[in-house]
Structures are given as C-alpha cells and as structure tokens.
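Trainee: I should be grateful for a close look at a single part of this model, with its surroundings described in turn. Please give the cut-offs behind each term as it arises.

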Amino acid sequence: MKKILFLLIAVSIVGCKKLEKKADTVSKPIVQLHQLVGGAIFVKKLEVFSQDTTYTGQTKQFTDTYYVISHPKGNLMWDAGLPEQLVMETAFDEPSGVYAIKRPDSLGNQLKSIGYKIEDFKYFAMSHSHFDHTGHANLMKHATWIVQENEYNANVGDSVKIKNAAVTALKKVQKITGDYDVFGDGTVVIKYTPGHTIGHQSLYVEVAGLEKPVLLTGDLYHFEENRANKGVPSFNYDAEETLKSMEKFEAFAKEKNAEVIIQHSPIAFKKLEELLKNKRK
Ligand SMILES: [Zn+2]
C-alpha cells in the first residue's frame with residue numbers, strides 16, 4: 001500500500017512538472033512562417049550591385065520571395081514579389097537591360113497552395129517600395145499597410161507628383177518611424193534598416209519549432225558575397241546609411257543568434273525551406 005501511495009505521489013509530481021512545462025510553452029504565441037516565390041530575376045549586369053567594378057561582366061540568378069507570417073492576433077504578409085502581369089513562360093527583358101524577370105503564379109493561387117486567401121491578412125508590410133517587392137501590393141488593400149513614414153512620403157506622400165502606382169490602392173495605412181513590434185510580444189519585429197531606400201526595413205520572426213529566430217534581410221543584402229563584403233549597390237538611396245544599417249543589423253542578428261535569410265538568394269531560400277520542413281512539431 002505504502003509503495004502504491006508513494007508511486008501515486010511521484011506520478012502526480014511528475015505530472016505537475018509536465019503541466020508547468022506545458023504552460024511555459026503555451027504562453028509563447030505560436031508563430032508560423034511560409035515563404036513563397038514572387039519571381040525569378042536574372043541579373044544580366046551584376047555590376048549594379050556594387051559601388052565599383054567588382055562584378056563587371058558577371059551575371060546571377062536571383063529569387064524574389066515574399067512571406068506569410070501567421071500569429072494568433074492576425075496574419076502579416078511581408079513583401080509582394082513581382083507584378084502578376086509577369087506570370088509568363090519566358091522571362092521579360094525589362095527596359096534598363098539589367099534584369100530578365102518573371103513570376104511563377106498569381107497571389108491567389110500561391111496563397112491557396114498553403115491554405116490562405118487574400119482576405120486573410122490583417123497586416124501587410126514591405127521591405128521597401130521597389131518593383132520587385134510591390135508586385136501584388138495593390139491586391140492587399142483590405143490589410144493595414146505598415147510602412148515607415150519617410151518611405152510612405154517618398155512614394156505616395158502629398159508632395160509627390162508622380163505617385164508610385166504599385167501602392168496607391170493601399171488606403172489603410174499605419175505609418176511608423178524606426179523599429180516596430182507588430183504584435184506587441186517581441187515575436188515579429190520590423191527593424192528599420194534604411195539606405196537601400198529612404199525607409200527600407202528588415203523583419204525579425206520567432207518561428208515556433210525553430211531553434212533560431214529568422215531575420216529577413218529585405219534588400220539590405222542581395223547575395224552572400226554582398227553580405228560578406230558589405231557591398232552596396234550603385235543604385236542605393238544612401239550608401240553611408242546602408243553601411244550603418246548593415247552594422248546595426250549584424251549586431252542585432254548576433255544578439256538574437258538569428259538565422260539571416262537573404263531574400264533574393266536561392267541558397268537562402270533552400271536553407272529556410274529545409275529549416276521549415278524539419279522544424280519541431
Ligand atoms: Zn529586391
């Protein structure tokens with residue numbers, strides 16, 4: 001009898017410990033991340049991605065990803081790929097002669113493939129307002145567009161004569177200045193990393209079941225070498241500001257021990273795909 005009683009007590013203690021542990025994990029919101037391919041970009045003149053002649057004569061294949069982040073308080077879409085008009089077989093040679101571009105499928109179809117609809121998003125944010133990140137932005141008009149105030153002003157502000165048509169349908173706007181904790185619990189944080197454009201930003205996400213948090217670069221870097229060499233594209237808004245942002249970004253990545261994902265890199269795409277496939281259930 002004594003033995004049984006002891007066993008019962010032991011079991012209940014273990015049980016309590018288990019519950020405590022469970023309560024601990026439950027208190028963290030379950031954040032999920034999906035990556036989708038909003039385009040393929042063949043760079044015919046890689047030299048535009050440096051301030052000098054480092055890449056003259058070279059070419060490179062970029063991917064062009066966008067992301068779905070689900071949080072118990074709502075879904076966020078990050079970036080918007082290339083425009084849907086570019087869903088075509090053969091890549092389009094855009095007029096500058098630098099890029100050949102195409103998009104694999106429409107937003108609606110791509111979201112359907114992961115069980116989402118366009119209307120499922122409470123928030124929408126982009127790293128910046130270049131054409132390869134604003135592609136389907138106007139379709140996100142029911143969501144609140146979270147944007148740096150200076151980026152907003154430079155694209156669709158009152159003083160802008162020719163507004164950026166790619167974002168004019170977005171009327172629900174939340175302007176921010178600097179870093180911004182989207183859901184107020186530290187799991188999804190927009191990091192202000194200006195330089196590529198005036199109000200460029202990156203995204204930090206604590207994905208449930210992943211060892212490390214994920215840090216999406218936006219276009220702070222375009223490929224691995226660019227990150228290693230702190231290469232600044234010739235077309236950046238402000239080179240000095242970009243270098244400062246890189247420093248801030250790297251310090252933050254180190255502090256959080258984050259997995260840095262370069263959004264245009266096919267290598268990073270594969271890496272994140274693997275991590276998401278193998279994450280703890
Ligand atoms: Zn880009």
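Mentor: What follows is a close look at strand S5 and at the sheet to which it belongs.

The model is predicted, so local features need pLDDT of at least 70 and side-chain atom pairs count only at pLDDT 80 or more, while totals for chains, interfaces and linings use all residues. Residues are numbered from 1 along each chain as its sequence is written. Helices (H or I, at least four residues) and strands (E, at least two) are DSSP runs, numbered from the N terminus.

S5 belongs to an open sheet of eight strands, arranged in the order S4-S5-S1-S2-S3-S6-S7-S8 with mixed pairing. Two strands are said to pair if DSSP finds at least two bridges between them. Strands of a sheet pair through backbone hydrogen bonds, in a parallel or an antiparallel sense. The edge strands here are S4 and strand S8 (173-176), each of which pairs on one side only.

On one side, S5 runs antiparallel to S4, joined by two bridges. Within this pairing, aspartate 93 has alanine 100 as its bridge partner in S5. S4 and S5 form a hairpin with five residues between them, and glycine 97 in the turn has a positive phi of about 85 degrees. S5 is also joined to strand S1 (residues 32-43), again antiparallel, by four bridges. There the bridge partner of isoleucine 41 is isoleucine 101 in S5. S1 in turn pairs antiparallel with S2 over 10 bridges, and phenylalanine 42 has glutamine 61 as its partner in S2.

The side chains of S5 alternate: Tyr99 and Ile101 point to one face and are buried, whereas Ala100 and Lys102 point to the other and are not. A residue counts as buried if 20 or more other C-beta atoms lie within 10 Å of its own, as exposed if 12 or fewer do, and as partly exposed in between; the C-beta atoms are placed from the backbone.

Glutamate 94 lies in the loop between S4 and strand S5 (99-102). It is in contact with Tyr99 and Ile101, leaving aside its neighbours within four places in sequence; contact means that the C-beta atoms, placed from the backbone, lie within 7 Å. Glutamate 94 has 14 C-beta neighbours inside 10 Å and therefore counts as partly exposed. From glycine 115, 21 residues apart in sequence, glutamate 94 is separated by 33 Å, C-alpha to C-alpha.

Glutamine 85 belongs to the loop between strand S3 (74-78) and strand S4 (92-93). It counts as exposed because it has 9 C-beta neighbours inside 10 Å. Its C-alpha atom is 11 Å from that of isoleucine 101, which is 16 residues apart along the chain.

How do the buried residues group into cores? A nonpolar core is a set of buried Ala, Val, Leu, Ile, Met, Phe, Trp, Tyr and Cys residues joined through C-beta atoms within 7 Å. The largest has 46 residues, and those with the most contacts inside it are Ile69, Leu76, Met77, Trp78, Ala125 and Val205. Strand S2 (residues 60-71) gives the largest share of this core, four residues. Apart from it lies another core, of seven residues, including Ile101 of the strand under discussion together with Ile41, Val43 and Phe62.

Elsewhere on the sheet, helix H3 (residues 149-156) packs against it, touching strand S7 (144-148) and S8. The direction of H3 makes about 100 degrees with that of S7; axes are lines fitted to C-alpha atoms, for helices over the stretch in contact, and angles run from 0 to 180 degrees between N-to-C directions. In H3, Glu151, Tyr152 and Asn155 are buried. Seen down the helix axis, the buried residues fall within an arc of 100 degrees, so they line one face of H3; the arc is that of the directions from the helix axis to the C-beta atoms. These buried residues pack against S7 and S8.

One more link concerns Val205, which is among the residues with the most contacts in the largest core. Leaving aside its neighbours within four places in sequence, valine 205 is in contact with Val31, Leu33, Ile69, Val188, Pro213 and Val214. Strand S11 (residues 201-205) has five of its five residues buried, so it is largely enclosed by the rest of the structure. S11 belongs to an open sheet of five strands in the order S9-S10-S11-S12-S13, with mixed pairing.

Methods. Two residues are in contact if their C-beta atoms, placed from the backbone, lie within 7 Å.
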